[in-house]
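Below are my notes on the model, as numbered points. Please read them with the structure open.

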Amino acid sequence: MKQETVFLSDQFYSKQVRELHFRHLRFENSSASIRSCAERMAREQVSCLFIGESSQQIQGYITDITLRDRVLAGGISPETPVSQIMEYNMVSIHPDSSLVEALMLMFRTKSRYLLVRENEQFIGWISRTKVLTEQSQGPFMFIQSVKEARQIPELKGKWDRMPEIIDLLLSRGMRAGIVNQIISTVADTITQRVIERVIKEIGPAPAKFVFFVLGSEGRGELTLKTDQDNAIIYEDKANEQREMVRAYFLDFATRVSTALDQIGIDFCEGELMAMNPKWTHSLSHWKRNYEQWISDASQETAMNYTTFFDCRAIYGEADLLEELQIHMGKLLEKASERFYINLGHNALQFEPPLTFFRNIKSEKIDGENQINIKQIMRPIVDLARVYALKYQIFETNTVKRIELLRQRGVFSDSESQELIHAFNYLMSLRLENQSQLILTENSKPKNYLKLSSLTKVQSVTLTEIFKVIRDFQARIKLTFTRSL
């Protein structure tokens, strides 16, 4: 029976959205009354109704929860046009996407429903419940349980289970990129629960704000060795309110970061956290920060602030971060060549550990020959970032950046394939090593890997990957001497 359950669970990881019997779209005109829409939903036994003329002209949608929260709880007359209460944040997915990707998208966007889109047309929709019924056990039910947790000890217990779950997923051959997304989604969800708890304790925010993450979490590349990298943008307020607003958000950020540290998501050693007054500001102040970093164009500035180009909103008004990114895009269009060259030099600082005879060069730590996998991966991350910024690609994930750069013709098919393979292989090795350190040695996760733990095949593969990175850096170095 257990083997059958595991088999069904494994099937889930390979299933595509098109393999589900997704529901056909049902439409109502935006002028229809709320009552008539609710009656139709009851008659046809659907929990979601789309508003618009056709699959090419969808304006919004309503759900059971919309009717509950916006009509019943809001005291709105059932005769009101449905356009007054419909929701607009529609999220879509391609039918060739996996169910894993569908669930990750739902958790990331907090959507209970996804439109299925193919050839620029919406062809149906799926619900989170429908997808979850395909997965009787595993990480997605776990993520759902994290969403339902509220107390700090309960959230800590969820985070403590991550090594066991990650080890299981890797042993079943799940791609490193998906595993990164799962870790990032759990971390995001825990942070969201903590934020909600803090707001309940100290009262609602005095201004619109967005809590965003940076670095590896901003790229959706979290591993089991992670700390906090976050910041806050709040809307500009009148002079007489500025001190009060700022005091609220610094107190708020300190409470959030302290709770996350108690849960096991450690304080950032470099203090790159919203609780640090340097990283909680109004939108206008953040715009000035980016103006200074980009116009300064020094190597030191590039080293200190590159992580701020890997940002992702996880709570609050995402529009604030989007406005900042639009501003950043305009600045990057006018940025000097020196700015990009210095970002590029960052990516050339760390060379792969190969000896003259093309053996793996290690360092002695605790009497063992070890290599730092995070440092080895850094050139790929940095190179993908500098090219993405140069070509106005605002995706933050490294693999997705490389793929988009390939589509633009910046990288050839073979270059992108080699880089993505190298990145994913190193990430898998890093995650496996961290989970094993926690589970078998009862020690903290590290980015260092003992050479003695590698098989002969792994050693040969690593050597080939190091050559790919080194050769790629050599080509980039030549490019940087002229211009990017």
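1. The side chain of Thr-223 and the side chain of Gln-434 form a polar contact at 3.3 Å. This is read from a predicted model. A further polar partner of the Thr-223 side chain is the backbone oxygen of Lys-225, reached at 3.2 Å.

2. Where does Thr-223 sit? Its place is the loop that runs between α10 (215-218) and β8 (230-234). Thr-223 has a relative accessible area of 2%, and because the cut-off for buried is under 20%, Thr-223 counts as buried.

3. With neighbours within four places in sequence left aside, the residues in contact with Thr-223 are Asn-180, Ile-183, Met-427, Arg-430, Leu-431 and Gln-434. Gln-434 thus appears both in this list and as the side-chain polar partner of Thr-223.

4. The largest nonpolar core has 129 residues, and those touching the most other members are Ile-190, Val-194, Phe-211, Phe-252, Trp-286 and Tyr-290. Helix α9 is the top contributor to this core, giving twelve residues. A separate, second core holds 13 residues, among them Ala-32, Leu-49, Leu-67 and Ile-85. In soluble globular proteins, nonpolar side chains tend to be buried together.

5. Which residues does Trp-286 touch, not counting those up to four places away in sequence? They are Phe-212, Ala-231, Ile-232, Ile-233, Trp-279, His-281, Trp-293, Phe-308 and Leu-324. Trp-286 is also one of the core residues that touch the most other members.

6. The second largest pocket has a volume of about 1,100 Å³. It is lined by 33 residues, and Arg-108, Thr-109, Arg-312, Ala-313 and Ala-318 are the closest to its centre. The elements giving two or more residues to this lining are α4 (99-109), α9 (176-202), β10 (312-316) and α14 (318-334).

7. Helix α9 gives the most to the lining of the second largest pocket, with six residues; α9 also gives the most to the largest nonpolar core. What is the make-up of the pocket lining by class? The lining has 14 polar, ten charged and nine nonpolar residues.

8. Val-131 belongs to helix α5 (residues 128-132). Val-131 is buried, its relative accessible area being 0%. From C-alpha to C-alpha, Val-131 and Leu-25 are 17 Å apart in space, with their positions 106 residues apart in sequence.

Methods. Residues are numbered from 1 along each chain as its sequence is written. This is a predicted model: local features need pLDDT of at least 70, side-chain atom pairs count only at pLDDT 80 or more; totals for chains, interfaces and linings use all residues. Side-chain values use heavy atoms; hydrogens and water are left out. On a 1 Å grid over the protein atoms alone, a cavity is a set of points where a 1.4 Å probe fits but cannot get out, and a pocket is an open set with protein on both sides within 12 Å along at least five of seven lines; lining residues have an atom within 4 Å of a point. Grid points are joined across faces, edges and corners, and a volume is the space filled by probe spheres set on the points. Helices (H or I, at least four residues) and strands (E, at least two) are DSSP runs, numbered from the N terminus. Ala, Val, Leu, Ile, Met, Phe, Trp, Tyr, Cys and Pro count as nonpolar, Asp, Glu, Lys and Arg as charged, and the others, Gly among them, as polar. Buried means under 20% relative accessible area, exposed over 50%, partly exposed in between (1.4 Å probe, protein chains only). A polar contact is a pair of N or O atoms within 3.5 Å; within protein, one must be able to donate a hydrogen and the other to accept it, and residues adjacent in sequence count only if both atoms are side-chain atoms. Contact means heavy atoms within 4.5 Å. A nonpolar core is a set of buried Ala, Val, Leu, Ile, Met, Phe, Trp, Tyr and Cys residues joined through side-chain atoms within 4.5 Å.
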